[in-house]
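Here are some short exercises to work through with the structure open beside you. Try each task before reading its solution.

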Amino acid sequence: MRIVSLSYPINPENVLEAGVPKVAAIGQFDGLHLGHESVITTAVGIAREQGLPAALITFYPHPKDVIGKGNYEGYLTPQADKEKLLQEMGIDILYVVEFNKAFSEVSPEAFVSDMLLPLSLQTAVVGFDFRFGHKGAGDAVKLQALSEGAMSVVTVPPFLVDGEKVGSSSIRIALQTGQLADANRWLGRNYSIRGTVIHGEKRGRQIGFPTANLELTDPYVIPALGVYAVRARSDQEGGWIAGVMNVGVKPTFHEGITKPIFEVHLFDYSGDLYGQVMTVEMVQYIRKEHKFESVQELVEWIHRDAVEARRILKDME
């Protein structure tokens, strides 16, 4: 997959590079959930049928990060994660458009004439709720009209799971309220985070449960505080290892911590992971984080959590 960075207005070099007709899915696609996948697979299918490259046009940073609209904090799929997933979905060219304050004020007409048409789009594929241009003034109907026959527009209907529309906002809320099962079902995969293993307080080692403490590589959506059954792997070592993760503020030992700490205990593992980047798949939410009256009570609960996580992960094999 080729990745092309764009800014508005598109420069002549990008116009020359983009001369080949192509089919493109257009949207933010944070999360790359089942609804997004339906848009992307439609675009890839059309491209394959027509013998054209399959492209995707997305925007970075997230528009809500720039204009501060709505309750938005963190990414479901930061850019590096998104690139990996899109390559697996069959995208040939990824256009990443710089989203800034000036671009947020570009009219729908200018967006089509100065950016989309120079990219030689033969077909644009968008979701049913696609909006573009200043204050979201453009929609799929307007996109078709503004193209003046230069490209066709395909609109993909809502993707429903158990009668509910799949959307990034719903997934965010589910993660933040401990409804991991819903989030994973709508994503079509387990929610994942990535982080570098750093030195922590080493209390886990002292009580018989050594943990890998993660410094997240990107501003992910932070899930509900609590304990999770997880699978993890490091970039260097490869294979998945079962484990249990606590996301929390260590209330048994500290007061006043506000930034969540990610601690992963890997089952039957004794290697050195310091400095390595680890991917953690969050398989199931086990319980909320508690403040315990003693270290002994904490240890007892950690044992219970580990047994429960092993059972969950074993049942899913």
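Keep in mind that this is a predicted model.

**Exercise 1. Is Asp92 buried, partly exposed or exposed, and which residue does Asp92 pair with in a salt bridge?**

Step 1. Start with accessibility: the relative accessible area of Asp92 is 30%. Buried would need a value under 20% and exposed one over 50%, so Asp92 is partly exposed.

Step 2. Look for the partner. Asp92 forms a salt bridge with Arg48, and their closest N and O atoms are 3.1 Å apart.

Step 3. Place both ends. Asp92 sits in the loop between α4 and β4, while Arg48 belongs to helix α2, so the bridge ties together parts that are 44 residues apart in sequence.

Step 4. Check the partner as well: Arg48 is partly exposed, at 44% relative accessible area.

**Exercise 2. Find the salt bridge between Asp182 and Arg185, and work out how the two residues are placed in helix α9.**

Step 1. The N to O distance between these side chains is 2.9 Å.

Step 2. Asp182 and Arg185 are three residues apart in helix α9, which means about one helical turn separates them.

Step 3. Both ends are partly exposed: Asp182 has a relative accessible area of 24%, and Arg185 has 34%.

Step 4. Now widen the view. Asp162 joins Asp182 and Arg185 in a network of salt bridges.

**Exercise 3. Which residues of helix α4 are buried, and why do they lie on the same side of α4?**

Step 1. Go through α4, residues 79–88: the buried ones are Gln79, Asp81, Lys82, Leu85 and Leu86.

Step 2. These residues share one side of α4 because they cover an arc of only 155 degrees around the axis.

Step 3. See what they face. The buried residues of α4 pack against α2, β3, β4 and β9.

Step 4. Move past the end of the helix: Gly90 follows α4 and has a positive phi, near 100 degrees.

**Exercise 4. Trace the closed barrel and find which helix packs on the sheet.**

Step 1. Follow the six strands in the order β9-β10-β13-β12-β11-β14; their pairing is antiparallel. From one strand to the next, the twist averages 45 degrees.

Step 2. Helix α9 packs on the sheet and touches β9, β11 and β14. The directions of α9 and β14 make an angle of about 135 degrees.

Step 3. Zoom in on one pair: six bridges join β12 to β13, and Val247 has Phe262 in β13 as its bridge partner.

Note on methods:
Residues numbered from 1 in each chain as written. Predicted model: local features only at pLDDT ≥ 70, side-chain atom pairs only at ≥ 80, totals over all residues. Heavy atoms only, no water. Pairing = 2+ DSSP bridges. Helix = DSSP H or I, 4+ residues; strand = E, 2+ residues; numbered from the N terminus. Axes fitted to C-alpha atoms, helices over the stretch in contact; angles between N-to-C directions. Contact = heavy atoms within 4.5 Å. Buried < 20%, exposed > 50% of the residue type's maximum accessible area, 1.4 Å probe, protein only. Arc of directions from axis to C-beta. Salt bridge = Lys/Arg side-chain N within 4 Å of Asp/Glu carboxyl O.
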